[in-house]
Structure formats: C-alpha cells, structure tokens
Amino acid sequence: MNWLLVVAGALIGAPLRYLTDRAVQARQGTAFPWGTLTVNVVGCLILGVVTGAVAAGAASPHTQLLLGTGLCGALTTYSTFSYETLRLAEEGAGFSAVANAVGSVAAGLGAAFVGVAVAEALWL
C-alpha cells in the first residue's frame, strides 16, 4: 500500500516538473536553469508544509508518503541541479554556477522553513 502512494505521487510530480521547467525556461531565454530552481524551491515549500502538517497531526503518514516522498521526490531534482551547475561552470559562467548553487540551496532551505512555519501557524 505504501509504495503505491509513493508511485501515485511520483506520477503527478514527474510530469509537473517537466512541464514547469519547460514553461519557465521558455519565458527566460537564458542559460541559467530557472526552471530547475523553480521546481526545487516549490518542492521544498510543499515538503515543509506537509512535514509540518504531519508533525501537528493534521495529516497522516500516508499523506507524507503521497505528497512528501512521491510528489516532492519526483518534482524536485538534485541531480539536474548538480548537472546544470556543472554545465554552467564548464561553459565559463562561473558566477552563474556559484549563484545557482548558493541560491538554490538557500532558497530551498528558506522555502522549507517557510512551509513548516505556515503549517505550524495553521495547525498548532
């Protein structure tokens, strides 16, 4: 049962990641990976809210599996983030590579903290 929840969440998260990345990149027209940054930050925010809701008892562990592990696991992408950062560095865009690495980690952590804070404000 648990693995089906993870698969169901991933079935939504993976196409959502692809479509979001393509839509964001089409509007930017730069080499900077704004699409990956967007899905990673949004995924961190959702995971923070879900984690806070489960910790407060407002959501079940099954919700954590469906949305946290499945949806956010497929929506976010550390491997693509790493590859794109390396590609920027190899292409001589050192500032963009550092900005992507630092900005992605900082924005992701910030989004996760905001998500947990929102959940605590709503359910505690």
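## Questions on a five-helix chain

Student: How far apart are the end C-alpha atoms of residues 65–81, and how much of the span is helix?
Tutor: This is a predicted model. The span of residues 65–81 has 0% strand. Its end C-alpha atoms lie 23 Å apart, and its helix content is 88%.

Student: Which annotation covers residues 65–81?
Tutor: The label comes from an unreviewed UniProt entry. That entry also lists residues 36–58 and 101–123 under this label. The annotation is "transmembrane region".

Student: How far apart are the end C-alpha atoms of residues 36–58?
Tutor: This span is 87% helix and 0% strand. It carries the "transmembrane region" annotation in the unreviewed UniProt entry. Its end C-alpha atoms are separated by 30 Å.

Student: What pattern does the chain follow along the sequence?
Tutor: The secondary structure holds 5 helices. Strands number 0. Read along the sequence, the pattern is α-α-α-α-α.

Student: What box do the C-alpha atoms of the chain fill?
Tutor: The box is taken along the principal axes. The chain inside has 124 residues. The box is roughly 50 × 30 × 20 Å.

Student: What percentage of the residues count as buried?
Tutor: Buried means under 20% relative accessible area. The chain has 124 residues. The share that counts as buried is 30%.

Student: How much of the accessible surface belongs to carbon and sulfur atoms?
Tutor: The accessible surface of the chain comes to about 7000 Å². The share of carbon and sulfur atoms is 72%.

Student: Which residues make the nonpolar surface patch?
Tutor: The patch covers about 630 Å². One of its members, I12, is found in helix 1, residues 2–28. I12 has 51% relative accessibility, so it counts as exposed. The patch is made by W3, L4, V7, L11, I12 and L16.

Student: Which helices do the buried residues of helix 3 pack against?
Tutor: Helix 3 runs over residues 61–75. Its buried residues are G68, G70, L71, C72, A74 and L75. They pack against helix 1 and helix 2.

Student: Which residues does the "binding site" annotation cover?
Tutor: This label comes from an unreviewed UniProt entry. One residue sits in helix 3. The other has its place in the loop between helix 3 and helix 4. They are G73 and T76.

Student: Is G73 buried or exposed, or in between?
Tutor: Buried means under 20%, exposed over 50%. The relative accessible area of G73 is 47%. That value falls between the cut-offs, so G73 is partly exposed.

Student: Which residues does T76 touch, beyond those up to four places away in sequence?
Tutor: T76 has 24% relative accessibility, so it counts as partly exposed. A polar atom of its side chain lies 2.7 Å from the backbone oxygen of C72. Beyond four places in sequence, T76 touches R17, V39, N40, G43 and C44.

Student: Why does T77 count as buried?
Tutor: T77 is found in the loop between helix 3 and helix 4. Beyond four places in sequence, T77 is in contact with R17, T36, V39 and N40. Buried means under 20%. T77 is buried because its relative accessible area is 5%.

Student: Which side chains have a polar contact with that of T77?
Tutor: One polar contact, of 3.5 Å, joins T77 and S79. Another, of 2.8 Å, joins T77 and T80. The partners are S79 and T80.

Student: What separates the C-alpha atoms of T80 and A107?
Tutor: T80 is found in helix 4, residues 78–90. T80 is partly exposed, with a relative accessible area of 25%. Beyond four places in sequence, T80 touches R17 and T36. A107 is 27 residues from T80 along the chain, and their C-alpha atoms are separated by 16 Å.

Student: Which backbone oxygen does the side chain of S104 reach?
Tutor: S104 lies in helix 5, residues 94–123. S104 is buried, with a relative accessible area of 10%. Beyond four places in sequence, its contacts are L37, F81 and A99. At 2.8 Å, its side chain reaches the backbone oxygen of N100.

Student: What share of contacts joins residues 24 or more positions apart?
Tutor: The count takes contacts in the chain with a separation of 6 or more. Residues 24 or more positions apart account for 70%.

Definitions and conventions. Residues numbered from 1 in each chain as written. Predicted model: local features only at pLDDT ≥ 70, side-chain atom pairs only at ≥ 80, totals over all residues. Heavy atoms only, no water. Patch = residues over 30% accessible without salt bridge, like charges linked within 9 Å, V, L, I, M, F, W, Y side chains within 5 Å. Areas by Shrake-Rupley, 256 points an atom, 1.4 Å probe, with all protein chains shown as cover. Salt bridge = Lys/Arg side-chain N within 4 Å of Asp/Glu carboxyl O. Helix = DSSP H or I, 4+ residues; strand = E, 2+ residues; numbered from the N terminus. Buried < 20%, exposed > 50% of the residue type's maximum accessible area, 1.4 Å probe, protein only. Contact = heavy atoms within 4.5 Å. UniProt positions renumbered as here; feature names shortened; annotations may be inferred. Polar contact = N/O pair within 3.5 Å; in protein donor to acceptor, adjacent residues only side chain to side chain.
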